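Visitor: I should like to understand how terms are assigned in this structure. Please show it to me.

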Number of protein chains: 2
Amino acid sequence: MLSVDEVWAVIDREVLALPSARVPLEQVCGRRLAENICADSDLPAFSRSAIDGYALPAGSQPGRYRLVGESKPGGPAPLAPRQGEAVKVFTGSALPESGIELVMVEDTTLVGDEVIVDVSSSAKPVRARASQAKAGEVLLSGGSLIGPGTIALLATVGASAPRVSPAVKVAHLSTGSELVSVSQNPGLGFIRDSNTPLLAALLAEAGADLSFHARVSERVDDAVAGLEGIEADLFLISGGASVGQYDGTAEILQRLGFVIHSAKVKSRPGKPLIFATRGSQVAFGLPGNPLSHFVCFHLFVRRALDRLTGLLPRKMIAVLLAGQRPEPDLRETWWPAKIRAEAGCLLADPLPWRDSSDLTGLPQANALLRIGSRRTNGLVEAFLFGHLEP
Amino acid sequence: MLSVDEVWAVIDREVLALPSARVPLEQVCGRRLAENICADSDLPAFSRSAIDGYALPAGSQPGRYRLVGESKPGGPAPLAPRQGEAVKVFTGSALPESGIELVMVEDTTLVGDEVIVDVSSSAKPVRARASQAKAGEVLLSGGSLIGPGTIALLATVGASAPRVSPAVKVAHLSTGSELVSVSQNPGLGFIRDSNTPLLAALLAEAGADLSFHARVSERVDDAVAGLEGIEADLFLISGGASVGQYDGTAEILQRLGFVIHSAKVKSRPGKPLIFATRGSQVAFGLPGNPLSHFVCFHLFVRRALDRLTGLLPRKMIAVLLAGQRPEPDLRETWWPAKIRAEAGCLLADPLPWRDSSDLTGLPQANALLRIGSRRTNGLVEAFLFGHLEP
């Protein structure tokens, strides 16, 4: 039985990044950038105005200036005004490269074609060419996660189809003849299949592409037939990784040609997790309980998804335990918790949790706390996966 | 000119929640739940086993038991074993309501039809009917945000189409004849339209539905024609909310029948923000600079989206300033920053930022710091919008 850290090391060793591809800018948010992005020209590419107002010769004093022209956004830069002259400008207007200063329209009065500059301290700097970056400068490094701010910068430099990591293609098989659909009324002995919508939501949140799903009985033959010929980067098999004769995930994976690297992990919940590979394809057998599913996803599946997309694995953060420390177990326990921000601190309240089939606290959870057997002066490690509020 | 807090109060007063609707479970992640969800039966609905092993009569000691049957997951509960008898069970098997205890298969040896129970401390509790919730108990309150954990609980109780807030329908108009598409090479005086992909990414992240986009010149007639007859809950107009004659967002909105509630806000960047309504429809005029767009989205548009979906507005958190305090300005400043977790603390490093057209630091930012003119013992307020890591 491997420790959680040992399973992570195995995942890091066995899971390789998928080849990157050029993808239209509209589809790259949440992906990993797979190339360095350089400024395609100076940033800004030309000196321009940050205000609506007037361009005057550099060093001008309050007084009267003759309006000799205007520079509209989208037009060429005007000639520099000569002594006693003003040129009307707008936010974004091109400006001469040097020899001018700006006054805001609020600090002026226009009488006919005469601009009266009222305030002595009104001179505003020009937004000079290359003041943010020079042409060719590296603005974004390969490997970084693309958020909305990155999208804006990619757009600015014309990276309309950057090279990014692909969305991971996932196939999911639910096993278990006790499962019925969410819309069905389960008879005695049956339960609704909550793992399928749970995994779909977790995969969508992680930017993965759930391209195949089926539900089969727990018979190994059915499961093998269900997954044979399916193309995916990542296979997830729900339910059945315990020792019983109706639990055959390991056998399913072996018959499909996967090599099992770990079949048991010192973790509560999640002990019967299976991790396997077949060439560059990755598979997990996830214990059937929904909370085990949730925990195994955040601890192990998410790590494999990150590796497949070439991201560094998400890191745990250290938080302060606010509520009662949950009872430690022989196995390291991952406890659902709500982490909140208070006066610069990260406080974690463990949520009520009865057993690994108990989901009632999960909607409030934004983190999993790592509760080991050793105490560490009030700090615990946590995976934060939800929004942080006060 | 209103303060940021005053604009928030106006948004909270003017923006009403859209009517909710029943939506298939696969589409509700990230939405707001608009009804209370109750347990449709006891949770669990029947007493069941959490292990693979054997059911013995309650109070049994180590010893030899005769295997008299088995209970498979998905089948009915077996009769309780009598003294000296054992029934094979699997994880999820239905169990008699009382009178039994469980032993794990690992703690037994099976010889023919005889189960030898080895360990005296091996008795495991049954996962009893209603131990998590009773039928009819409220499990989820209307108003809560639906995450993957919520999805699992909704699925468990058969809420296959819960009542949720709708996705907000958004129309976006970019104005400005200096703009070219991201894939075009801008000539002198022109810039690429980075606001359109930026807003698309921010709206997607917020779960909104960008159903219309167009780019027009800054002529008021073109913009009015571009938006006339468009159906949306939220209208966003990019560029042009300054005082210049080429900046006519206020006029566009008024000609379209909107009432302007705020046309200037004491905020850097973002001063020329416009907030308007037309009946239940909401509109913002966003200053053309990408960073202003980014800040105004997180400060104001996001708040209106939350109100439209009936969510409480996102709250700021208090963080510790790690780097140099940015230079305060006359206006309250929202400074891009990277917040990280360190030993239970939230530390904020302000990022380099030259002016409101400067995007180069934004890919690293996961927060905006509120830098006012008053110092407050090292703590600053922040909107955290990105992932938190060590």
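Visitor: What makes β19(A) and strand β20 of chain A count as paired?

Guide: This is a predicted model, in which local features need pLDDT of at least 70, side-chain atom pairs count only at pLDDT 80 or more, and totals for chains, interfaces and linings use all residues. Residues are numbered from 1 along each chain as its sequence is written, and chains are lettered from A and ligands numbered from 1 in the order in which they are written. Two strands pair if DSSP finds at least two bridges between them; a strand is a DSSP run of E, at least two residues long, numbered from the N terminus. Between β19(A) and β20(A) there are five bridges, in the antiparallel sense, so the definition is met. A:R278, for instance, stands opposite A:Q281 in β20(A).

Visitor: What lies between β19(A) and β20(A) in their hairpin?

Guide: Two residues lie between these strands, and A:G279 in the turn has a positive phi of about 60°.

Visitor: How do you know that β17(A) and β19 of chain A pair?

Guide: Three bridges join them in the antiparallel sense, and the definition asks for at least two. A:S262 stands opposite A:F275, and A:I260 faces A:A276.

Visitor: Why is β17 of chain A called an edge strand?

Guide: In the open sheet, ordered β15-β12-β16-β20-β19-β17 (chain A), β15 and β17 each pair on one side only.

Visitor: Why is β19(A) described as largely enclosed by the rest of the structure?

Guide: Four of its five residues are buried, so β19(A) is largely enclosed. A residue is buried if 20 or more other C-beta atoms, placed from the backbone, lie within 10 Å of its own.

Notes: A residue is buried if 20 or more other C-beta atoms lie within 10 Å of its own, exposed if 12 or fewer, and partly exposed in between; C-beta atoms are placed from the backbone.
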